[in-house]
Amino acid sequence: MDTEKYQALLQAVEQGSITAAARDLGYSPSGLTRMLDSLERDLGFSLLFRTSQGVQLTREGNRLLPAIRELLYWSRQIREESAGILGLEQGELFVGSYYSIASCWLPEILRAFQQDYPGIRVHVQEAGNQTLLEGLREHRLSCCLFSRHRGYPGDWVPLYQDRLVAWIPEDHPLAKKKALLPEDLEGQPFIEPLPQQETDTDLFLAKYHIHPDFRFTSSNMYTCWTMVEAGLGISMDNAFSSLRWSGRVKVLPFATEDRLELGMALPSLAQASPALKKFLEYVKREILKTTV
């Protein structure tokens with residue numbers, strides 16, 4: 001089956017714009033519109049409707065969306081397996097990642113990987129737990145680099161043991177401590193990273209029934225860091241994400257036994273494409289170099 005029309009439809013839906021989708025796919029807007037009209041004629045019903053904000057799926061289109069994502073996922077698998085059989089090093093990967101992993105690990109991993117496999121394109125999406133898990137379940141992402149989520153039904157490859165730390169303004173009274181207790185955060189002005197993403201910070205606070213004073217939120221971890229530096233409150237992240245940053249921030253561990261297992265989640269290691277299996281090899285190799 002020719003999947004080009006379905007890919008165009010998915011791109012238009014994700015962009016919310018035929019013009020933006022056409023630009024990304026290398027078509028003219030009129031050419032992409034004709035392609036989508038042709039798909040609707042083939043199926044016998046409308047898939048999109050236009051609004052003042054762009055395009056959205058019709059009710060029928062929404063019913064088909066999970067099947068379309070599955071079709072495109074398995075189409076990529078077939079192409080990459082075929083390339084592997086022919087000895088060709090080609091493919092396309094969609095990698096989800098924590099912001100911290102993307103900044104600390106991925107540059108070196110991708111540099112080494114692309115040197116050896118320039119024919120494999122890699123797209124990186126940085127996000128929080130819920131967005132990444134949704135991308136895996138819908139096959140929009142080939143794999144994710146983040147902390148282990150017990151509810152994910154796919155395969156898990158452990159890579160690194162880490163811990164949560166608190167970011168404290170240097171002039172804050174808590175900055176004098178060597179380690180914090182969870183209850184030290186109770187009622188403290190707090191900068192919430194990645195709200196509504198069920199982050200490791202959310203799980204930690206819920207585990208110990210701690211209720212900070214949530215004053216600010218940010219979807220960017222470096223912004224959280226600079227807000228702490230400005231004295232706006234306390235924040236949290238995993239320990240290794242702080243290694244490359246400097247400033248007037250005290251990074252303190254917690255006096256608990258809590259640990260994070262960072263690794264790679266993927267739908268199936270056995271059914272992974274040749275490109276994804278190669279990428280996993282490089283992830284393991286580069287992380288081993290940085291953690292020894």
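Helix α4 is the main contributor to the lining of the largest pocket, giving eight residues. The model in which this pocket is found is a predicted one. The pocket encloses about 810 Å³ of space, and 28 residues line it, with Q7, R76, E92, F94 and H123 nearest its centre. Besides α4, the elements that each supply at least two lining residues are α1 (4–15), α2 (18–25), β3 and β4. By class, the lining comprises eight nonpolar, 10 polar and 10 charged residues. Because domain 1 (1–61) and domain 2 (88–160 + 260–291) both give residues to this lining, the largest pocket lies between them.

**Overall architecture**

The protein has 292 residues, of which 48% are buried. Its secondary structure amounts to 10 helices and 12 strands, and the C-alpha trace spans about 70 × 50 × 30 Å along the principal axes. Three domains are assigned: domain 1 (1–61), domain 2 (88–160 + 260–291) and domain 3 (164–258). Taken over C-alpha atoms, the centres of domain 1 and domain 3 are separated by 43 Å.

**The second largest pocket**

The second largest pocket holds about 380 Å³ of space. It is lined by 16 residues, and those closest to its centre are R148, D200, L203, R259 and L260. Two or more lining residues come from each of α8 and β12 (260–266), and α8 has the largest share, with four residues. The lining of this pocket consists of five nonpolar, three polar and eight charged residues. Domain 2 (88–160 + 260–291) and domain 3 (164–258) each provide at least three of its residues.

**Enclosed cavities**

The structure contains five cavities of 30 Å³ or more. The largest of them has a volume of about 160 Å³. It is lined by 15 residues, of which Y98, L194, T199, M221 and D237 are the closest to its centre. At least two residues of this lining come from each of α5 (99–104), α8 (200–207) and β10 (235–238), with β10 giving the largest share, three residues. Since domain 2 (88–160 + 260–291) and domain 3 (164–258) both give residues to the lining, the largest cavity lies between these domains.

The second largest cavity holds about 100 Å³ of space. Among its 14 lining residues, Y73, Q77, S142, S273 and L276 lie nearest the centre. The elements giving two or more residues to this lining are α4 (59–85) and β3 (91–97), and α4 gives the most, with four residues.

The table sets out the composition of the two cavity linings.

| Cavity | Nonpolar | Polar | Charged |
|---|---|---|---|
| Largest cavity | eight residues | five residues | two residues |
| Second largest cavity | six residues | five residues | three residues |

**Aromatic pairs**

The structure holds 17 aromatic pairs. In one of them, the ring centres of W105 and F240 are 4.9 Å apart and the planes meet at 15 degrees, so the pair is stacked. W105 belongs to the loop between α5 and α6 (106–116) and F240 to the loop between β10 and β11 (249–253), so that this pair links distant parts of the chain, 135 residues apart. W105 and F240 are both buried. The pair of Y117 and Y282 is edge-to-face, with 5.8 Å from centre to centre and 80 degrees between the planes. Y117 lies in the loop between α6 and β4 (120–126) and Y282 in helix α10 (residues 274–291), so the pair ties together parts that are 165 residues apart in sequence. Y117 counts as buried because its relative accessibility is 14%, and Y282 is likewise buried, with a relative accessible area of 7%. Ring pairs also link F113, Y117, F279 and Y282 into a cluster.

**Cysteines**

A search of the whole structure finds zero disulfides. For C104, the nearest cysteine sulfur is that of C224, 15 Å away, and C104 is in no disulfide. C104 is buried, with a relative accessible area of 9%. C144 is in no disulfide either, and the nearest cysteine sulfur, that of C143, is 6.6 Å away. C144 is also buried, with a relative accessible area of 0%.

Technical notes:
Residues numbered from 1 in each chain as written. Predicted model: local features only at pLDDT ≥ 70, side-chain atom pairs only at ≥ 80, totals over all residues. Heavy atoms only, no water. 1 Å grid on protein atoms, 1.4 Å probe; cavity = no way out; pocket = protein on both sides within 12 Å on 5 of 7 lines; lining within 4 Å. Points joined across faces, edges and corners; volume = space filled by probe spheres on them. Nonpolar A, V, L, I, M, F, W, Y, C, P; charged D, E, K, R; others polar. Domains from an automatic or database assignment. Disulfide = S-S within 2.5 Å. Buried < 20%, exposed > 50% of the residue type's maximum accessible area, 1.4 Å probe, protein only. Phe/Tyr/Trp six-rings, centres within 6.5 Å; stacked < 30°, edge-to-face > 60°.
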